[in-house]
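Okay, thanks everyone, let me put this one up on the screen. I'll talk for a few minutes, and then you can pick it apart.

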Number of protein chains: 2
Amino acid sequence: MREVRADPVPLPPACRVLAHRVEAELAAFLRVQRREGVARAPGVENLFDEIERVVGSGGKRLRPVFCCLGYLAAGSETGQEILRAAAALELLHTFAIVHDDVMDGSAVRRGAPSSWAHFRTRHRRLGLRGDPAAYGISGAILAGDLALILADRALMASGFPAERLHPAVGRYDRMRTEVVAGQYLDVAAAHRGTAGEEAARRVAALKSGQYTVEGPLHIGAILGGAPEALLEVLSSYGLPLGEAFQLRDDVLGVFGDPSVTGKDRDSDLREGKRTVLVALAVAAAGPEDRVFLEERLGRPDLAAAEVERMRSIIEGSGALAATQALIAELADRARSALAADVLPGGVRVLLEGLVETVTLRSR
Amino acid sequence: MREVRADPVPLPPACRVLAHRVEAELAAFLRVQRREGVARAPGVENLFDEIERVVGSGGKRLRPVFCCLGYLAAGSETGQEILRAAAALELLHTFAIVHDDVMDGSAVRRGAPSSWAHFRTRHRRLGLRGDPAAYGISGAILAGDLALILADRALMASGFPAERLHPAVGRYDRMRTEVVAGQYLDVAAAHRGTAGEEAARRVAALKSGQYTVEGPLHIGAILGGAPEALLEVLSSYGLPLGEAFQLRDDVLGVFGDPSVTGKDRDSDLREGKRTVLVALAVAAAGPEDRVFLEERLGRPDLAAAEVERMRSIIEGSGALAATQALIAELADRARSALAADVLPGGVRVLLEGLVETVTLRSR
């Protein structure tokens with residue numbers, strides 16, 4: 001199988017309902033923020049437009065959904081407070097992808113222009129002065145900065161009492177620090193040009209392991225007043241599933257169908273991302289193939305035929321199959337954590353469904 | 001007078017003492033954060049190194065000093081809590097300058113390489129893979145992101161009780177939003193290539209008016225439990241002084257001595273910054289000079305002789321003198337606000353001294 005062509009595995013219907021409710025809350029929050037922001041700084045609507053464009057361009061809202069499920073797991077009922085807090089996580093994610101796309105030079109995200117590419121196009125369309133690329137980067141840096149600030153504000157203004165909000169903010173703060181740290185280690189590894197499987201797995205754990213699943217679950221659970229034992233169960237589920245999410249991301253970044261992923265399929269290799277998939281391929285390939293791979297990883301000027309041969313090498317080395325086996329193993333570990341007594345039955349079923357969504361997704 | 005060559009007007013000695021105490025608190029805070037960060041994400045020390053390098057490369061610590069003075073104005077005594085909160089403002093400033101230098105393409109800050117330039121050099125020195133400039137931008141974006149996150153953390157962990165901390169965090173949140181908004185309007189005006197005096201003053205007010213003086217004073221005063229009347233006095237002093245700070249910045253950005261300012265003197269013109277100084281020059285210059293100015297503002301490839309002629313036009317048009325008169329007028333407005341009864345005498349003297357530091361500074 002060269003390309004992952006299966007239909008996207010959808011969110012379980014109950015999770016889709018949660019996602020829609022978070023989206024509505026997020027839209028309402030952004031409307032108020034935009035009005036206040038523009039009143040203070042006329043002209044700044046472009047930054048709000050951009051945040052709304054990125055938020056509106058898609059995404060599965062996995063982080064908000066996990067946040068709501070953590071809250072439900074703690075025995076609380078969904079209300080506006082948790083929807084607002086969950087919306088904060090989508091804004092944090094918006095910050096992360098907008099800045100990441102600048103760093104990776106990725107011009108496409110969710111099948112639409114990435115933020116810097118969007119501002120660059122705007123520059124050309126309006127015939128502005130100066131360098132379009134510099135304008136694009138500036139716009140994206142500032143849109144990302146604003147999204148990070150708005151994420152904080154949504155969480156702080158979620159309406160929870162201080163004794164719940166304060167520990168949740170602490171967990172949130174740790175999570176976002178690890179996102180930045182993970183992204184730095186990712187960039188550093190790509191430019192260093194070496195990273196074995198172990199180092200690649202550590203970056204995957206930092207970048208997504210705790211940010212996509214465990215962190216959001218914990219934040220929701222803490223806001224719901226969860227006991228320590230529940231947080232531990234959520235970690236046993238969330239950490240392997242988060243790592244599986246990132247490994248799946250790495251597979252899709254090389255073998256995914258761009259018409260489904262909404263991303264360029266060659267850019268991970270052109271950027272020289274040192275993923276687990278690549279580390280396994282470098283370790284398992286024959287000497288000639290290894291030299292071919294190593295020499296070309298991270299070269300922005302790779303020809304299409306070279307990228308194609310790199311894909312063949314990765315697949316032929318067994319690295320693709322090994323990564324898929326690792327994803328399946330991590331999914332099993334996540335599933336077996338769900339046997340714990342402390343989880344309400346309904347939440348358990350939803351979390352079980354999400355294992356498939358996360359590990360078999362095509363985008 | 002072609003260049004502003006006077007010695008820097010130093011901070012009043014009592015303010016210097018405050019600045020040193022904040023620096024010590026900031027260093028201690030960063031040591032703990034680095035240790036915890038590296039324990040979670042080995043390799044991330046480079047980002048902490050960079051934040052420490054930028055913090056250690058100088059700066060007058062105006063924002064932390066104003067924060068401490070706001071606290072003293074409210075009748076509280078300096079202690080570790082307010083030093084920690086003041087340190088947060090220096091970290092916020094670090095975020096702002098690190099990201100701004102990426103957007104402006106400024107390679108020099110405080111007489112040392114700016115953050116992106118520093119990471120670019122590191123790439124070359126270590127012989128890393130890929131594009132040095134891309135690595136530089138990535139490193140600076142992430143160092144800035146981390147500084148913003150750490151600023152929040154320092155404020156949240158400052159140790160004030162919730163009833164003081166919560167309103168102060170709200171004021172801080174508004175302040176940092178306006179910094180981002182002001183920077184966006186600045187970038188947008190430079191690329192649009194038009195901004196009259198009024199628009200330029202609005203950007204100056206947003207970018208620095210409230211961020212350098214009023215915001216820090218308010219945050220300190222709120223943490224000290226200040227009544228509304230005191231906040232109003234601090235605004236009457238802080239808003240004009242903050243605007244004067246930005247106008248002085250604009251003058252130094254074109255006429256300052258690079259060996260004193262630590263910044264490139266030509267880059268404001270090469271970037272096409274639409275400052276009040278430039279708006280006044282465009283409005284007052286004769287037709288031929290105006291065309292010369294307008295055509296060249298924002299061209300990164302300007303020859304030294306062209307920049308020199310632009311400086312002559314700005315000075316000859318009377319715009320430099322008019323801007324300096326405006327700074328003096330704003331300084332007078334700030335001084336006259338200090339007559340209010342509600343200010344303790346000692347704080348009033350220090351605030352009066354800072355008017356000179358801010359408006360007559362050479363760097």
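One definition before we start: when I say buried, I mean under 20% relative accessible area. And keep in mind that this is a predicted model.

So, with that cut-off, let's begin with Glu243(B). It sits in helix H9 of chain B, which covers residues 228-255. Is Glu243(B) buried or exposed? Its relative accessibility is 10%, so Glu243(B) counts as buried. What does its side chain pair up with? That would be the side chain of Arg201(B), in a polar contact of 2.6 Å. Leaving aside residues up to four places away in sequence, Glu243(B) touches Arg201(B), Ala204(B), Gly209(B) and Leu330(B).

Next, helix H8 of chain B, residues 197-223, has a kink of about 50°, and the centre of that kink is Gln210(B). How enclosed is this helix? Well, 21 of the 27 residues of H8(B) are buried, so the rest of the structure largely encloses it. Then, just past the end of H8(B), you get Gly225(B) with a positive phi of about 80°.

That one is a glycine, fine. But most residues other than glycine have a negative phi. So let me show you a couple that go the other way. In chain A, look at Arg110(A): not a glycine, yet its phi is positive, about 55°. You'll find Arg110(A) in the loop between strand S1 (108-109) and strand S2 (112-113) of chain A. Over in chain B, it's Arg61(B), with a positive phi near 60°. Arg61(B) is in a loop too, between helix H2 (45-56) and helix H3 (62-73) of chain B. And Arg61(B) counts as buried, because its relative accessibility is 8%.

Okay, on to the interface. There are 53 residues of chain A in contact with 53 residues of chain B. The two chains bury about 4,700 Å² between them, with carbon and sulfur atoms giving 65% of that. Which three residues of chain A put in the most? Arg129(A), Tyr184(A) and His191(A): they supply 18% of the area that chain A buries against chain B, more than any other three residues.

On the polar side, 18 residue pairs are in polar contact between chain A and chain B, both partners at pLDDT 80 or more. As for which parts of chain A are involved in touching chain B, helices H2, H4, H5, H6, H7, H8 and H13 of chain A each supply at least two residues. H7(A) has the largest share of that side, with 15 residues. How many salt bridges cross the interface of chain A and chain B? The rule finds six. As an example of a salt bridge, take the side chains of Asp173(A) and Arg153(B), at 2.4 Å from N to O.

Last thing, cysteines. How many disulfides are there over all chains? Zero, after a search of the whole structure. Why doesn't Cys15(A) form one? The closest cysteine sulfur, in Cys68(A), is 9.2 Å from the sulfur of Cys15(A), and that's too far for a bond. In chain B, the sulfur of Cys15(B) is 9.2 Å from the closest one, in Cys68(B), again too far. Cys15(A) is buried, at a relative accessible area of 0%, and Cys15(B) is buried at 0% as well.

That's what I've got, so over to you.

Methods:
Residues numbered from 1 in each chain as written. Chains lettered and ligands numbered in written order. Predicted model: local features only at pLDDT ≥ 70, side-chain atom pairs only at ≥ 80, totals over all residues. Heavy atoms only, no water. Disulfide = S-S within 2.5 Å. Buried < 20%, exposed > 50% of the residue type's maximum accessible area, 1.4 Å probe, protein only. Bend = angle between axes of the 7 residues up to and from the residue. Helix = DSSP H or I, 4+ residues; strand = E, 2+ residues; numbered from the N terminus. Contact = heavy atoms within 4.5 Å. Buried area = accessible area lost by both parts, 1.4 Å probe. Salt bridge = Lys/Arg side-chain N within 4 Å of Asp/Glu carboxyl O. Polar contact = N/O pair within 3.5 Å; in protein donor to acceptor, adjacent residues only side chain to side chain.
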